[in-house]
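User: I am a first-year student, and I would like to learn how the words used for a protein model follow from their cut-offs. Could we go through it slowly, term by term?

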Amino acid sequence: EVNPVHLSLVGLVGAILGHSFSLFLGFRGGKGVATTMGGMVTLMPISALIGFVVWLILFFLTRYVSLASIGMAVALPISRLIVNGPDILLGFAIALAVFIVVRHRSNIQRLIEGRENRFERRRNPTDSP
């Protein structure tokens, strides 16, 4: 009998890898953060909520999307330790955190060097300075 959690994990891995290494973009793509959060909402909703809150706090404090994304990734396995559930989800959350942090290594380097771009709201061209 197929375990629905295992089947969901296989589907999520496929979605994250397809997003991060798209065949249509020459095996380039995103860093898997939004796709991860989409899957986590169904697999680990409380951990996903905690991760989202961590993302919001870090983003609004620093205006660095990359730092907020890394913080969210690290929060997933930590929150999974607090919220009891299947061990396979803890291992999966750890693997996702490592994957997301590794995918952000160039951002981490720019953060260390002080060259990472902060999110800035674009001004409407009709607004006066």
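User: What makes the contact between the side chains of Glu-116 and Arg-110 a salt bridge?

Analyst: A salt bridge is a side-chain nitrogen of Lys or Arg within 4 Å of a carboxyl oxygen of Asp or Glu. For Glu-116 and Arg-110 the distance from N to O is 2.7 Å, so the pair falls within the 4 Å limit and earns the name. Please keep in mind that this is a predicted model, in which local features need pLDDT of at least 70 and side-chain atom pairs count only at pLDDT 80 or more, while totals for chains, interfaces and linings use all residues. Residues are numbered from 1 along each chain as its sequence is written, and side-chain values use heavy atoms, with hydrogens and water left out.

User: How many salt bridges are there by this rule?

Analyst: The count comes to two. Besides the pair just described, Glu-113 forms a salt bridge with Arg-115, and their closest N and O atoms are 2.6 Å apart.

User: Why is Glu-116 called buried, and why is Arg-110 called partly exposed?

Analyst: Buried means under 20% relative accessible area, exposed means over 50%, and partly exposed lies in between (with a 1.4 Å probe, and protein chains only). Glu-116 has a relative accessible area of 11%, and therefore it is buried, whereas Arg-110, with 26%, is partly exposed. Glu-113 is partly exposed as well, because its value is 41%.

User: What share of the chain is buried?

Analyst: Of the 129 residues in the chain, buried residues make up 34%.

User: How do you know how many helices and strands the chain has?

Analyst: Helices (H or I, at least four residues) and strands (E, at least two) are DSSP runs, numbered from the N terminus. Under that rule the chain has six helices and zero strands, and from the N terminus on its elements run α-α-α-α-α-α.

User: Where does Phe-27 lie, and what is particular about its phi?

Analyst: Phe-27 lies in the loop between α1 (4-20) and α2 (33-43), and it has a positive phi of about 60° although it is not a glycine. Its relative accessible area is 54%, so Phe-27 is called exposed. Arg-63, in the loop between α3 (45-62) and α4 (65-82), also has a positive phi, near 65°, in a residue other than glycine. Arg-63 is called partly exposed, however, because its relative accessible area is 32%.

User: What makes a group of residues that includes Phe-27 a nonpolar surface patch?

Analyst: Patches are made of residues with over 30% relative accessible area and no salt bridge, where like charges are joined within 9 Å and nonpolar side chains (Val, Leu, Ile, Met, Phe, Trp, Tyr) within 5 Å. Here Val-13, Leu-17, Phe-21, Leu-23, Phe-24, Leu-25 and Phe-27 make a nonpolar patch of about 770 Å². Leu-25, which lies in the loop between α1 and α2, has a relative accessible area of 56%, so it passes the 30% requirement and is called exposed.

User: Which word fits Ala-15, buried or partly exposed?

Analyst: Ala-15, found in helix α1, is partly exposed, because its relative accessible area is 36%. The C-alpha atoms of Ala-15 and Gly-38, which are 23 residues apart along the chain, are separated by 10.0 Å.

Technical notes. Accessible areas come from the Shrake-Rupley method with a 1.4 Å probe; for residues, only the protein chains shown count as cover.
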